[in-house]
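Me: I would like to go through this structure slowly and ask, for each term, what justifies it.
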Amino acid sequence: MGKVREVMQARWNEPCIFELGRKGTRGHLVPDVDRKIRESTRSPSSYLPKRLRRKALPNLPELSEVEVMRHFFRLSQESTCVDSGFNGEGTCTMKYNAKVNEALAGSPKVTKLHPLQDFRTVQGILEILFRLGECLKALSGMDAVSLQPPSGTICEWVECLLIAAYHKHHGNLDKKRDLFVPYTSHGTNAVGAKMAGFNVVTLPQTESGNLDLDALKSVVSDRTAGMIQTNPTSLSVFDPNMIKMADIIHEAGGVFAYDAANTNCIMGKVRARDLKADIVHYNLHKAFGSPHGGYGPGAGALLCTKEFEKFLPVPRVRFDGKRYHLDFNAPDSIGKVKEFYGNVPNAIRAYAWLIALGTPGIIEASELATLNNNYLKEKLRGTPGMDIPMGEGRRRMEETVYSFKKMFEETGVGAANVALRVCDFGINSTFAFGYPLYIEQPWVVEPTESMDIDEMDKFVQVVRQVAEEAYSNPEVVKTAPHCTTVGHVDAARTENPETMALTWRMYKKKGLEF
Amino acid sequence: MPIKKSFVHPYMPNSVPEVKRRLMSDIGTQDADELFQDLPVRSRLPGLPGPMSEYDLRRHIEGILAKNRDDLLIFCGSGSWPHYVPAVVDEIVNRTEFKTAYLGEPEPEKGKMQALFEFQSLVAELIEMDVVINSVYSEPAAAGEAANMARRLTGRSEVLVSKNINLEKLRVMRNYTEWSGGKITQVDYLPRSGMLDLKDLKKKLSSRTAGVFVDNPTYFGALEDQVEKIAELAHGRGAIFIVSVDPLSLGVMRPPGDYDADIVVGSGQPLGLHMNFGGNSLGFFGCRSDENYLDQLPGYVAAVTTTLDGKDRAYLDTLWEKRHFFFQRENATSMIGSASNLCAIGAAVYLSLLGPQGMREIGEGIFRRTDYAMQEISRIKRASVPVFNGPHFKEFVVNFHKTGRTVKEVNRVLLDRHGIVGGRDLSGDFPELGQSALFCVTEVHRSEDIDRLADAIRQL
């Protein structure tokens, strides 16, 4: 096989929008104030007191419609996406997003609906939210669902809020202060626990990658509020002791919460309920086929057992056999974690994705996500300078944490360099970061079920080629990327107070010129 | 039990049995199920609907969605407003490069990073603050983050929040702050003007006050005319002054940066985003550029820089280590992950299209339509307008006491007989206002639409 060739990304040298256009240019004509209104009202500048009026027009750029279109079109071309090529960003489950989902979520029957319209006029939306909830209940084995959280991070926090609400309800919140968060979990689990007011107790793992059960047993006490467990863990092994952990926590009167953001490999294989979780969440923008949007809008789904249902955010979607409605009557509810009902267009996408696949498709997706990942792992094994730390001999689930520690020591080329160099070959993104933080030079890759075998083989070839370069010509990797829209970016400049510019306004005020 | 039957699906290239077998054999297994040996239990199959072909799927879902009414004349705002979305905004946010993307390395994502920097920069000009971060989920989330940032900045626990805000937002803010030891105390508003009661504010300000939060315009649409005084009072006690604004008011109204606000938040939904039944919205968050603020930012923030060789301009997300949960875990200042960046790009397109003149005109147009609607409804004997004195922007309260009907009944008639979505019922959240509703008019309403509403109310 010959060498993989580099791929040139589009490069427009597109200026900042504040440098474009010219005075007096218009990009959009706002709707005219019609004559009747004009004749019976005055301009606000004639009656607003000076202290409420803007002195000068806002300093926004002035462009024509075509210039705005071209500018953002060019910026889109100076970007990558799942449709342009493989995005292996570990932990992010960047799978293909079916186009039919976009057509459905973009329908005026969705986009033009006001959230406070009478429920009789939004029966279709409520029905889809209800049906999606039923599907998620079937997948998780749980009794109740809320689609209100707009993201996975918010779900993690709300899981912790439900734990707090539960103990508060039982008059124990003063005593139940400790929430256990394994070190192999998402960092956001710890933030969520803290934001819910708990004392965060971080638990270590053993060399196998599993939670250290002895460590858990040693900290459990009558102060134990509960635990939030990511599984598959951020080491991408499935911790087989899940039920044991749940038992230990339940024994101590605690709540066992489950972060199933990494669920893409176990859907249809095991239900959260059967793992003895009390509460669980999924990210609809990851496993369930809603696009990521370059950091949102995503969508979360929070599920729980009957015991916790009364604490869920309001309103809940109900069906009385004839009509769907929103139920606000929940005196023990934690209230609202977002206004209205969650990211509804993404819920429609998730429902479309689920039923396009059905039960056999969901299981196939889990198997292929896992199989693809283990295939990549086996093919990448033995790449010079690369190791697969911890969990020796174990299968990985939906992603693999690799380490370039050896390569870094031998050549000075680290994981961050590799992650940038692979971009030169049309690999959009991989993740040069990993948990737990003590894995040196980590690199996390998640293929998902969308990656075809040829693309996987090409990816392996690219990585091996880059590893060879690291030993034969390290400079080419260290100075990468070479074929992306711009070359290696200077991060230090943005952290120096003198040259930091977080807005164009700041850039101009500081008199910067770069 | 694993499904053994072959199932080739268009979303999954390796679902071809031969390919799957090759994958398995290359990793040394005969049975895909072996990969799941760490699962301590196996569950029964979930029994989902489907699988379906694309056509059947579309027919099924479109059939359900057809039950929604998108032909109604909407006069309701209260957190999600009927605005016009320019075609270019939809065109850009539907570009797959933005939509199906992650935000990975800054080098191949230069365009996306730049678009986010431009979002920050455009909003910064509108509100006249030096720092604006990437997207936030929505305005209530931004308000909650602002309250928490004020707590971190001051080391104090109590946030004073004006009673003239949307209670839905207040409920979100309470969850953001109160479980972690913060306290929200409400400050009265004046019954005639709807503005903050400064006497009550003075009474409640103390050395425990972390921040003072107000809406401008207020939830009731009336303008807050005392912002300078509120800023002075808050700052006099060492508290952070937080203002939530409607971005479309700011072509006309004074920007909060000009009246000494420390943190400014708002909804980005009016900036070219569809209502989406309240979903896929956007919040923005801006603040001062003082060093202690930069240490406490609640979310991602893009910066302009260059390539290492200094030749090209570049953009990237910065200030990670101090703030981010990757590094800081429970000590992170950020609970914002995948927020709403795609919508932020849409808002950037919107602000670029409208420009200074467009923002002035749309603001003026909404002021005049609001004025017109209030005038027209005030002619109706049985509907009381204004409930609050002074100029209003986009929203206003109508009291239906004299009709002898509840708002619920009024809205039912408006809908069933006239195809109108009436104002948000305030009788539950603001019992002191009796049977009142919050109506909304924007640039999408013409005089004939407003006349239709007035006629419908007249006929009650």
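Me: Which residues is A347(A) in contact with, leaving aside its neighbours within four places in sequence?

Reply: This is a predicted model, and in it A347(A) is in contact with I128(A), L129(A), L132(A), L147(A), L284(A), A299(A) and G342(A), once its neighbours within four places in sequence are left aside. Each of these counts as a contact because the C-beta atoms of the two residues lie within 7 Å.

Me: What places A347(A) in the largest nonpolar core?

Reply: A nonpolar core joins buried residues of certain kinds, alanine among them, through C-beta atoms within 7 Å. The largest such core has 323 residues, and A347(A) is, with L162(A) and L179(A), one of those that touch the most other members. Helix α12 of chain A, residues 344–380, gives the most to this core, with 20 residues. As background, nonpolar side chains in soluble globular proteins tend to be buried together.

Me: What makes chain A as compact as a globular protein of its length?

Reply: The radius of gyration of chain A is 26 Å, and the globule rule gives 24 Å for 514 residues; the two values are close, so chain A is as compact as a globular protein of that length. Its C-alpha atoms fill a box of roughly 80 × 65 × 45 Å along the principal axes, and the chain holds 18 helices and 11 strands. Buried residues make up 62% of its 514 residues. Among contacts between residues at least 6 apart in sequence, 73% join residues at least 24 apart.

Me: Why is strand β5 of chain A called mostly covered?

Reply: Strand β5 of chain A runs over residues 255–259, and five of its five residues are buried. V255(A), A257(A) and D259(A) point one way from the strand, F256(A) and Y258(A) point the other way, and all are buried.

Me: How do you know that β4 and β5 of chain A pair?

Reply: Two strands pair if at least two bridges are found between them. Strand β4 of chain A, residues 224–230, and β5(A) have five bridges in the parallel sense, and therefore they count as paired. Within this arrangement, Q229(A) stands opposite Y258(A) in β5(A).

Me: Why does S78(B) count as buried, and why does D260(B) count as partly exposed?

Reply: A residue needs 20 or more other C-beta atoms within 10 Å to be buried, while 12 or fewer make it exposed, and partly exposed lies in between. S78(B) has 25 C-beta neighbours inside 10 Å, so it counts as buried. D260(B) has 16 such neighbours inside 10 Å, and so D260(B) counts as partly exposed. S78(B) lies in the loop between β1 (73–74) and α3 (87–93) of chain B, whereas D260(B) is found in the loop between β6 (240–245) and β7 (263–267) of chain B.

Me: What is notable about phi in S78(B) and in D260(B)?

Reply: Phi of S78(B) is near 60°, a positive value in a residue other than glycine. D260(B) likewise has a positive phi, of about 70°, although it is not a glycine. In general, most residues other than glycine have a negative phi, and most peptide bonds are trans.

Me: Which peptide bonds are cis, one joining P297(A) and one leading to P217(B)?

Reply: A cis peptide bond joins G296(A) and P297(A), with omega about 5°, and P297(A) is found in the loop between β6 (279–283) and β7 (300–304) of chain A. The bond from N216(B) to P217(B) is also cis, with omega near 0°, and P217(B) lies in the loop between β5 (209–216) and α9 (227–236) of chain B.

Me: Why does P384(A) count as partly exposed?

Reply: P384(A) has 13 C-beta neighbours inside 10 Å, so it counts as partly exposed. Its place is in the loop between α12 and β10 (400–403) of chain A. The C-alpha atoms of P384(A) and A470(A) are separated by 9.0 Å, although the two are 86 residues apart along the chain. Leaving aside neighbours within four places in sequence, P384(A) is in contact with A467(A), E468(A) and Y471(A).

Methods
Residues are numbered from 1 along each chain as its sequence is written. Chains are lettered from A and ligands numbered from 1 in the order in which they are written. Helices (H or I, at least four residues) and strands (E, at least two) are DSSP runs, numbered from the N terminus. The radius of gyration is taken over C-alpha atoms; the globule rule is 2.2 Å times the number of residues to the power 0.38.
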